[in-house]
Amino acid sequence: MDGKTKAIVAHITWVGWLIALIINSSQKDEITSFYIRQLLGIYLFSLVITFIPLVNIVGWILAFIFWILSLVGAINGEMKETPVIGKYFQDWFKGL
């Protein structure tokens with residue numbers, strides 16, 4: 001499985017993310033690692049935002065938009081960071 005395919009699989013809920021993480025652990029691929037870090041950040045952002053009552057709807061919409069942008073980048077084979085917070089995801093989760 002090539003890196004682009006693994007990056008796309010990572011976008012299919014948490015299960016796809018785990019599958020991509022496991023497959024990528026044996027054969028590291030730069031684009032897959034990039035999107036594994038991006039998606040972990042997006043998933044954690046959406047989880048945290050659910051506990052803030054007044055902004056959770058806007059947060060969910062924003063997380064969905066981030067996920068769509070990430071998916072489009074993976075389909076195109078480009079490493080596009082999530083706007084504003086993507087650089088932090090790459091730094092925080094660089095061990096993945």
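## A walk around the helices

Start by selecting Ser-33 and Asn-24: their side chains make a polar contact with each other, at 2.8 Å. Keep in mind as you click around that this is a predicted model.

**Stop 1: around Ser-33.** Stay on Ser-33, which sits in helix α3. Is Ser-33 buried or exposed? Its relative accessible area is 7%, so Ser-33 counts as buried. Now show what surrounds it. Setting aside neighbours within four places in sequence, Ser-33 is in contact with Asn-24, Lys-28 and Leu-96.

**Stop 2: helix α2.** Asn-24 leads you into the next helix, so to speak. Select residues 13-26, which make up α2, and color Gly-16, Trp-17, Ala-20 and Asn-24, which are buried. Look down the axis of α2: those buried residues fall within an arc of 100°, so they line one face of the helix. What do they pack against? Bring up α1 (3-10) and α3, and you have the packing partners of the buried residues of α2. Then turn to the face of α2 that points away from the buried side and pick out Val-15, Ile-22 and Ser-26, the exposed residues it carries.

**Stop 3: Gly-41.** Go back to helix α3 and select Gly-41. With a relative accessibility of 2%, Gly-41 counts as buried. Which residues does Gly-41 touch, not counting those up to four places away in sequence? Display Phe-89 and Phe-93, and there they are. If you like drawing distances, try one from the C-alpha atom of Gly-41 to that of Lys-6: the two residues are 35 apart along the chain, and the separation is 17 Å.

**Stop 4: Ser-70.** Next, select helix α4, residues 56-76, and find Ser-70 in it. Ser-70 is buried, because its relative accessible area is 2% and the cut-off for buried is under 20%. Show His-11, Tyr-35, Leu-39 and Ile-42 as sticks; Ser-70 is in contact with these, leaving aside its neighbours within four places in sequence.

**Last stop: out on the surface.** Switch to a surface view and select Phe-51, in the loop between α3 (30-49) and α4. Here the relative accessible area is 66%, so Phe-51 is exposed. Add Trp-14, Leu-44 and Leu-47 to the selection: together with Phe-51 they form a nonpolar patch on the surface. How much accessible area do the four have together? About 440 Å².

Methods
Residues are numbered from 1 along each chain as its sequence is written. This is a predicted model: local features need pLDDT of at least 70, side-chain atom pairs count only at pLDDT 80 or more; totals for chains, interfaces and linings use all residues. Side-chain values use heavy atoms; hydrogens and water are left out. Helices (H or I, at least four residues) and strands (E, at least two) are DSSP runs, numbered from the N terminus. Buried means under 20% relative accessible area, exposed over 50%, partly exposed in between (1.4 Å probe, protein chains only). Contact means heavy atoms within 4.5 Å. Patches are made of residues with over 30% relative accessible area and no salt bridge: like charges are joined within 9 Å, nonpolar side chains (Val, Leu, Ile, Met, Phe, Trp, Tyr) within 5 Å. Accessible areas come from the Shrake-Rupley method with a 1.4 Å probe; for residues, only the protein chains shown count as cover. A salt bridge is a side-chain nitrogen of Lys or Arg within 4 Å of a carboxyl oxygen of Asp or Glu. A polar contact is a pair of N or O atoms within 3.5 Å; within protein, one must be able to donate a hydrogen and the other to accept it, and residues adjacent in sequence count only if both atoms are side-chain atoms. The arc is that of the directions from the helix axis to the C-beta atoms.
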